[in-house]
Amino acid sequence: MRSTDPTAEAAFRRDVTNSVREPAAPSGPQRLPSGEGRAAAARASGARVTVLVRHNALLMLREPGPLLSRMILPLVFITLLRPLYLAAQGQEAGTEQAVVGTLVTFSLLALSISGGAILTERLGRTWDRLRATPLRPAELLLGKAIPVFAALLAQQLLIVGFGTAVCGLRVPHPLLLLGVLLSWSCTLLGLGALIGVLVRSTGELSASFDIGGMLLSSVGGALVPLDVLPGWVSRLAPASPGYWAVRGLHAALDGDARTAATAGALLLAAALVCGTLASLRLRGRGGRPVAL
C-alpha cells in the first residue's frame, strides 16, 4: 500500500468533502418542477463525482510507484519469456500467446490498484468523512473507478503497443481488440471494488490479488494454453473471468467478431454483478454509505 502524510491527507480530503456538500433546502413550500428537479439532481451528482475523480487521480499521481510497477514489469516479462513461447508455438502464435498471457496476468495483479483505492479510505480513517457528505454509494464507486479504469486501460494499451512495436504482434482489427479491452477493464474494476469493500487489511488485500490473480489467470489459460494442461483445468476454466479475457483477446486478434462479442458480453456481465454487490455492501439506511 502507498503511504501518505496523514495530516496533509486529512486536510486535502476535508476540503474535497466540504466542496461536495449540498446546499440546505430552501424554506417554504417552493418546489422545483419534476423535470427541473431531476436535472438539478443530475448536475449535483455530476459535480460530486467530478470532484472525487480529480481527488483520486491526484492521489494516484502523488504515489505512482504501484502504477509504474504494473506498467514496467509486464514489458520485462514479455521480453524474457517470449523466446520460450516462440520455441513452443512458432513466431506468430508464440508472440500472440506471450502478449495476451502477460496482459491478462498483470492486469489481474493490478487489482491492487482498484481495491487499494477503497481500502486506503478505510485504513486512513477518512471513510466516515466521505459518509458525512451527500455522496451515494454508486457515486463513491464511480468517482474512484474512473481514474483506476484509465490506469488499467493505459496498462493494457501499453502492453499491446509494446507487443506490436517490439515483438511484431499483428493487430488487424484494432476496434475489435479495443472492445474486448474495455470489457475486461470493467470486469477488473468490479472485482477490485468488491475486494476493496470486503477485505479488512492490506495483508488480506495482498493475498486476494496475489493468489486470486495468479489463480484466475492460470486456470484461464493465460500463461499456459489449456490444451496442454490437465483436463480438469479445462473444465474449470470457463468459471474464470481470465478465461473469457484470453478467449476474447485471441478472437479479436484473429478477427472472430462473434467470439469476441460473446466474451465481451460475459465480461461485462461479471463486471455488473461484482459492481452491484460492492454497491450493495456500501449501501446503508436511506441509501447512504455504511461504516466499513
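Which helix is R258 found in? R258 sits in helix α12, and we'll come back to that residue after a look around the whole chain.

Before we start, a word on what you're looking at. This is a predicted model, in which local features need pLDDT of at least 70 and side-chain atom pairs count only at pLDDT 80 or more, while totals for chains, interfaces and linings use all residues. Residues are numbered from 1 along each chain as its sequence is written, and side-chain values use heavy atoms, with hydrogens and water left out.

Let's take the big picture. The chain has twelve helices and zero strands; here helices (H or I, at least four residues) and strands (E, at least two) are DSSP runs, numbered from the N terminus. Read along the sequence, that gives the pattern α-α-α-α-α-α-α-α-α-α-α-α. Of the 292 residues in the chain, 46% are buried. Buried means under 20% relative accessible area, exposed means over 50%, and partly exposed is in between, with a 1.4 Å probe and protein chains only. As for the outside, the chain exposes about 14200 Å², and carbon and sulfur atoms supply 65% of that. Those areas come from the Shrake-Rupley method with a 1.4 Å probe, and for residues only the protein chains shown count as cover.

How does the chain meet itself? Take the contacts (heavy atoms within 4.5 Å) between residues at least 6 apart in sequence: 81% of them join residues at least 24 apart.

Now for the inside. A nonpolar core is a set of buried Ala, Val, Leu, Ile, Met, Phe, Trp, Tyr and Cys residues joined through side-chain atoms within 4.5 Å. The largest one here has 59 residues, and L103, V104, W184 and L249 touch the most other members. Several helices each supply at least two residues of this core, among them α3 (65–89), α4 (91–109), α8 (174–198) and α11 (241–254). The biggest giver is α8, with eleven residues. Try finding L249 in the 3D view: leaving out residues up to four places away in sequence, L249 touches V100, L103, V104, L177, V180 and L181.

Next, follow α4. This helix has 19 residues and reaches 27 Å from its first C-alpha to its last, close to the 27 Å expected at 1.5 Å a residue. That expected span is 1.5 Å times one less than the number of residues in the helix. Of the 19 residues of α4, 16 are buried, so this helix is largely enclosed by the rest of the structure.

Compare that with a look at α9. Its 18 residues should span 26 Å at 1.5 Å a residue, and the end C-alpha atoms are 25 Å apart, which agrees. In α9, L205, F209, G213, S217 and V219 are buried. Seen down the helix axis, the buried residues of α9 fall within an arc of 160°, so they line one face of the helix; the arc is that of the directions from the helix axis to the C-beta atoms. The face turned away from the buried side carries the exposed residues I211 and L215. After α9 comes G221, whose phi is positive, near 85°.

Keep going into the loop between α9 and α10 (231–236), and you'll find L226 there. L226 counts as buried, at 18% relative accessibility. Not counting residues up to four places away in sequence, L226 touches V219, G220, G221, V233, S234, A237 and Y243. The C-alpha atoms of L226 and Y243 are separated by 9.5 Å, although the two residues are 17 apart along the chain.

Now the rings. The structure holds two aromatic pairs, where rings of Phe, Tyr and Trp (its six-membered ring) pair if their centres lie within 6.5 Å, and planes under 30 degrees apart count as stacked, over 60 as edge-to-face and the rest as tilted. F77 and F106 make an edge-to-face pair, 5.4 Å centre to centre with 65° between the planes. F77 lies in α3 and F106 in α4, so the pair ties together parts that are 29 residues apart in sequence. F77 is partly exposed at 23% relative accessible area, whereas F106 is buried at 10%. Y243 and W244 also pair edge-to-face, 4.9 Å centre to centre with 85° between the planes.

Finally, two more residues. H250 has its place in α11 and, not counting residues up to four places away in sequence, touches E96, Q97 and V100. H250 counts as buried at 18% relative accessibility, whereas our opening residue, R258, counts as exposed at 71%. R258 and G248 are ten residues apart in sequence and 9.5 Å apart in space, C-alpha to C-alpha.
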